[in-house]
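Please open the structure in your viewer and keep the selection tool at hand, as this tour moves from one selection to the next.

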Amino acid sequence: PAEAEATRVLSLDNLLGPEELEDEEAGREVVEDTRDKCAADFGPVDDIVLVRPCHAGLKDSGLVGRVLIRFQEKAAAFLAASKLHGLRFDGRPVRCTFLDDAVFSDVLSKVT
């Protein structure tokens, strides 16, 4: 991801497999671990959400299966993206992209 594209919201794709997406406990663990790791390594995290298949209104959004992280600062999100993009997690390459704050807020309103 290019620095010019950076926003405060980082989308991590391919972090979870299909089985983990269906398992609420596994999903919660991944979210907690990701929040802790990102806050410790990159900077303060405002919020984080896992978009699961059961979330009404998001099935066709292209965001199902992603972990969305809203950092306090854009620089922290960019640093995280530069370190995490391409990293293999359980054999899957993680893909990082940036999202607008408004998209994150909309997703958050539909999953809580």
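The tour begins with one strand and then turns to a single residue.

This is a predicted model, in which local features need pLDDT of at least 70 and side-chain atom pairs count only at pLDDT 80 or more, while totals for chains, interfaces and linings use all residues. Residues are numbered from 1 along each chain as its sequence is written, and side-chain values use heavy atoms, with hydrogens and water left out.

Select strand 3, residues 67–71; helices (H or I, at least four residues) and strands (E, at least two) are DSSP runs, numbered from the N terminus. Five of its five residues are buried, so strand 3 is largely enclosed by the rest of the structure; buried means under 20% relative accessible area, exposed over 50%, and partly exposed in between, with a 1.4 Å probe and protein chains only. Val 67, Ile 69 and Phe 71 point one way, whereas Leu 68 and Arg 70 point the other way. In a regular strand the side chains alternate between the two faces of the sheet.

Next, add strand 1 (residues 9–13), which pairs with strand 3 in the antiparallel sense over four bridges; two strands pair if DSSP finds at least two bridges between them. Here Leu 10 stands opposite Ile 69. Then add strand 2 (residues 45–50), which runs antiparallel to strand 3 and is joined to it by five bridges, with Asp 47 opposite Arg 70.

Finally, select Arg 95, which lies in strand 6 (residues 95–99) and counts as partly exposed because its relative accessibility is 42%. Although Arg 95 and Leu 12 are 83 residues apart in sequence, their C-alpha atoms are 5.7 Å apart in space.
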